[in-house]
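Thanks for asking me to look this over. Here are my notes, point by point, for you to follow alongside the coordinates.

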Amino acid sequence: MYKRIFVRFAVALVALFTMAVIAPATASSAPPPEPKPVVGLAEGVGYSIQVSGREISYTVTEVPRTLGGILPGACTTAVVDVVRAAPIVGPDIIAIVLGQSIDVLALLQAVDDADAITATDLLTPANRDGTVTGTFDNIPDGLYAVMSVCNLNPDLYGLTGAFVLGDGLNYGSSA
């Protein structure tokens with residue numbers, strides 16, 4: 001179940017990258033807008049990551065409590081290899097952009113079969129302030145989607161990209 005939620009967000013990330021490539025080619029003759037950095041998406045929570053060498057650290061803030069405020073919320077976080085996932089989800093992303101329906105179950109199974117999920121933290125509880133943090137160590141060089149889904153609710157998520165390049169790259173991103 002958790003992989004299915006993460007795959008949906010991986011599909012969304014690849015769709016965003018695809019739209020970023022297609023949109024300039026189809027734009028009208030209006031002057032182009034100022035470029036803005038893509039820092040990610042978040043709905044219902046705050047989200048940020050830090051990349052330092054081969055480590056990806058994440059922070060999810062404002063995680064709501066569950067069961068009527070009795071229990072702290074929790075988030076499941078995954079690092080998805082975008083390069084491995086892209087060839088699998090690419091045709092389906094094009095279909096979605098064109099307004100066609102896709103076989104979601106087959107897509108989810110294909111991403112799982114491709115072993116595109118590099119690392120996961122399952123149901124990490126939030127602290128008293130509603131914050132979940134974690135770090136993934138020894139992530140191989142590559143382009144990743146880092147995503148968290150909180151309280152098993154697909155409407156409470158954070159998603160952003162991460163580029164890991166050994167010891168030479170350190171940066172942060174937030175949404």
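1. Let me begin with the inside of this predicted model. Its largest nonpolar core is built from 21 residues. Within that core, I56, V60 and V63 have the most contacts. Six strands each give two or more residues to this core: β2 (46–52), β3 (55–61), β4 (74–81), β6 (132–136), β7 (142–150) and β8 (157–164). A separate, second core has 9 residues, among them A78, V82, I117 and L159.

2. I56 is a good residue to click on if you want to see the larger core from within. Which residues does I56 touch once its neighbours within four places in sequence are left aside? The list is Q50, V51, V79, G134, T135, F136, I139, V146, A162 and V164. You may like to display these partners together with V60 and V63, which join I56 as the residues with the most contacts inside the core.

3. Next, the sulfur chemistry. How many disulfides does a search of the whole structure find? The count is 1, and the bond joins C75 to C150 with an S to S distance of 2.0 Å. C75 belongs to strand β4 and C150 to strand β7, so the link ties together parts of the chain that are 75 residues apart in sequence. As for its geometry, the link of C75 and C150 is right-handed, with 95° about the S-S bond. As a reminder, a disulfide is a covalent bond between the sulfur atoms of two cysteines.

4. Are the two cysteines of that bond buried or exposed? C75 has a relative accessibility of 0%, so C75 counts as buried. C150 is buried as well, because its relative accessible area is also 0%. The cut-off here is under 20% relative accessible area.

5. On the outside, please look at V83, L143, F163 and L165, which make a nonpolar surface patch of about 340 Å². L165 sits in the loop between β8 and β9 (170–174). With a relative accessible area of 44%, L165 is partly exposed, because that class lies between 20% and 50%.

6. Two backbone angles deserve a line in your own notes. Most residues other than glycine have a negative phi. E62, although not a glycine, has a positive phi of about 60°. E62 lies in the loop between β3 and β4, and its relative accessibility of 60% makes it exposed. D115 is also not a glycine, yet has a positive phi of about 55°. The place of D115 is the loop between α3 (104–113) and β5 (117–125), and at 48% relative accessibility D115 counts as partly exposed.

7. Finally, some figures for the chain as a whole. The chain contains 3 helices and 9 strands, and from the N terminus on its elements run α-β-β-β-β-α-α-β-β-β-β-β. Of the 175 residues, 37% are buried. Among contacts with a separation of 6 or more, 73% are between residues 24 or more positions apart. The accessible surface of the chain is about 9600 Å², and carbon and sulfur atoms account for 58% of that area.

How values were computed:
Residues are numbered from 1 along each chain as its sequence is written. This is a predicted model: local features need pLDDT of at least 70, side-chain atom pairs count only at pLDDT 80 or more; totals for chains, interfaces and linings use all residues. Side-chain values use heavy atoms; hydrogens and water are left out. A nonpolar core is a set of buried Ala, Val, Leu, Ile, Met, Phe, Trp, Tyr and Cys residues joined through side-chain atoms within 4.5 Å. Buried means under 20% relative accessible area, exposed over 50%, partly exposed in between (1.4 Å probe, protein chains only). Helices (H or I, at least four residues) and strands (E, at least two) are DSSP runs, numbered from the N terminus. Contact means heavy atoms within 4.5 Å. A disulfide is a pair of cysteine sulfur atoms within 2.5 Å. Patches are made of residues with over 30% relative accessible area and no salt bridge: like charges are joined within 9 Å, nonpolar side chains (Val, Leu, Ile, Met, Phe, Trp, Tyr) within 5 Å. Accessible areas come from the Shrake-Rupley method with a 1.4 Å probe; for residues, only the protein chains shown count as cover. A salt bridge is a side-chain nitrogen of Lys or Arg within 4 Å of a carboxyl oxygen of Asp or Glu.
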